[in-house]
2 protein chains.
Amino acid sequence: MRYTPAGLPVRHFSLSHDSEQIEAGFQRKIQCKVPAMAVADAAQQMKELALGDMVRIDGFLAQKSRMGTQLVLHVKQIQLLERG
Amino acid sequence: MRYTPAGLPVRHFSLSHDSEQIEAGFQRKIQCKVPAMAVADAAQQMKELALGDMVRIDGFLAQKSRMGTQLVLHVKQIQLLERG
């Protein structure tokens, strides 16, 4: 586990997303990987998760760094849906 | 207006987001720019919008290209909240 300068545990991970979405009347299969991070309680919760577990995440997107354009999903709540 | 190979109008734009979020018990100011695109009806709707208008967007994230890692927000619904 890593820690922020303020001493909070932080966990960086990659979220793989699969879904089907309707766009312009057509169904399309969506697959994407979203860089994600969890701080404090959310980071602790992630210790119980293993690679391949299916989760539902609520959170917000923010820029990874002040100058960069890469987005990272900040986890506010994570819910285990199914063991991988 | 550009068109997809199937002849659907498509509009690429950059969405500027500002909000305050709570993370690990601390309030933080979030600013980010999200690459976005709208196809068909959503693209037509965007013709009525001007730079600086405040909007609420519902949609989904997907990879910009098959091999890349950059994410793009696909607009499903766009709602004008306030003229810029």
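Helices (H or I, at least four residues) and strands (E, at least two) here are DSSP runs, numbered from the N terminus. With that in hand, Ala24(B) can be placed in the loop between β2 and β3 (26–39) of chain B. Keep in mind that this is a predicted model. Chain A runs β-β-β-α-β-β along its sequence, and a 30-residue nonpolar core has Phe13(A) and Phe13(B) as the members that touch the most others.

**Chain A at a glance**

- Chain A has 5 strands and 1 helix, in the order β-β-β-α-β-β.
- Along the principal axes, the C-alpha atoms of chain A fill a box of roughly 50 × 35 × 15 Å.
- Of the 84 residues in chain A, 35% are buried.
- Take the contacts in chain A with a separation of 6 or more: 48% of them are between residues 24 or more positions apart.
- Chain A has an accessible surface of about 5,700 Å², and carbon and sulfur atoms account for 50% of that.
- On the charge side, chain A has 11 positive and 8 negative charges, and the mean positions of the two sets are 9 Å apart.

**The nonpolar core**

- The largest nonpolar core has 30 residues, and Phe13(A) and Phe13(B) touch the most other members.
- What does Phe13(B) contact once its neighbours within four places in sequence are set aside? The list is Val34(B), Pro35(B), Ala36(B), Met37(B), Ala38(B), Met46(B), Ile57(B) and Val75(B).

**Gln21 in both chains**

- Gln21(A) sits in strand β2 (residues 9–23) of chain A, and Gln21(B) sits in strand β2 (residues 9–23) of chain B.
- Buried or exposed? Gln21(A) counts as buried because its relative accessibility is 16%, under the 20% cut-off.
- Gln21(B) is likewise at 16% relative accessibility, so it counts as buried.
- The side chains of Gln21(A) and Ser19(A) make a polar contact at 3.1 Å.
- In chain B, a polar contact of 3.2 Å links the side chains of Gln21(B) and Ser19(B).
- Beyond four places in sequence, Gln21(A) is in contact with Phe26(A), Gln27(A), Arg28(A) and Ile30(A), plus Phe60(B) and Lys76(B) from chain B.
- With the neighbours within four places again left out, Gln21(B) is in contact with Phe26(B), Gln27(B), Arg28(B) and Ile30(B), plus Phe60(A) and Lys76(A) from chain A.

**Two alanines with positive phi**

- Most residues other than glycine have a negative phi.
- Ala40(A) goes the other way, with a positive phi near 55°.
- Where is Ala40(A) found? Look in the loop between β3 (26–39) and α1 (41–46) of chain A.
- Ala40(A) is buried, as its relative accessible area is 12%.
- Ala24(B) also has a positive phi, near 55°, and belongs to the loop between β2 and β3 (26–39) of chain B.
- With a relative accessible area of 34%, Ala24(B) is partly exposed.

**Gln31(B) on strand β3**

- Gln31(B) is part of strand β3 of chain B.
- Side chain to side chain, Gln31(B) and Asp18(B) make a polar contact of 3.0 Å.
- Leaving out neighbours within four places in sequence, Gln31(B) is in contact with His17(B) and Asp18(B), and with Gln63(A) from chain A.
- Gln31(B) and Asp41(B) are 10 residues apart along the chain, with 28 Å between their C-alpha atoms.

**Arg56(B) and Gln45(B)**

- Arg56(B) lies in strand β4 (residues 54–63) of chain B and is partly exposed, with a relative accessible area of 46%.
- Which residues does Arg56(B) touch, not counting those up to four places away in sequence? They are Gln77(B), Ile78(B), Gln79(B) and Leu81(B).
- Although 23 residues separate Arg56(B) and Gln79(B) in sequence, their C-alpha atoms are 5.1 Å apart.
- Gln45(B) is in helix α1 (residues 41–46) of chain B and is partly exposed, at 34% relative accessibility.
- Between the C-alpha atoms of Gln45(B) and Gln77(B) there are 9.2 Å, with the two residues 32 apart along the chain.

Definitions and conventions:
Residues numbered from 1 in each chain as written. Chains lettered and ligands numbered in written order. Predicted model: local features only at pLDDT ≥ 70, side-chain atom pairs only at ≥ 80, totals over all residues. Heavy atoms only, no water. Core = buried A, V, L, I, M, F, W, Y, C linked by side-chain atoms within 4.5 Å. Buried < 20%, exposed > 50% of the residue type's maximum accessible area, 1.4 Å probe, protein only. Contact = heavy atoms within 4.5 Å. Areas by Shrake-Rupley, 256 points an atom, 1.4 Å probe, with all protein chains shown as cover. Lys, Arg positive; Asp, Glu negative; His and termini not counted. Charge placed at Lys NZ, Arg CZ, Asp CG, Glu CD. Polar contact = N/O pair within 3.5 Å; in protein donor to acceptor, adjacent residues only side chain to side chain.
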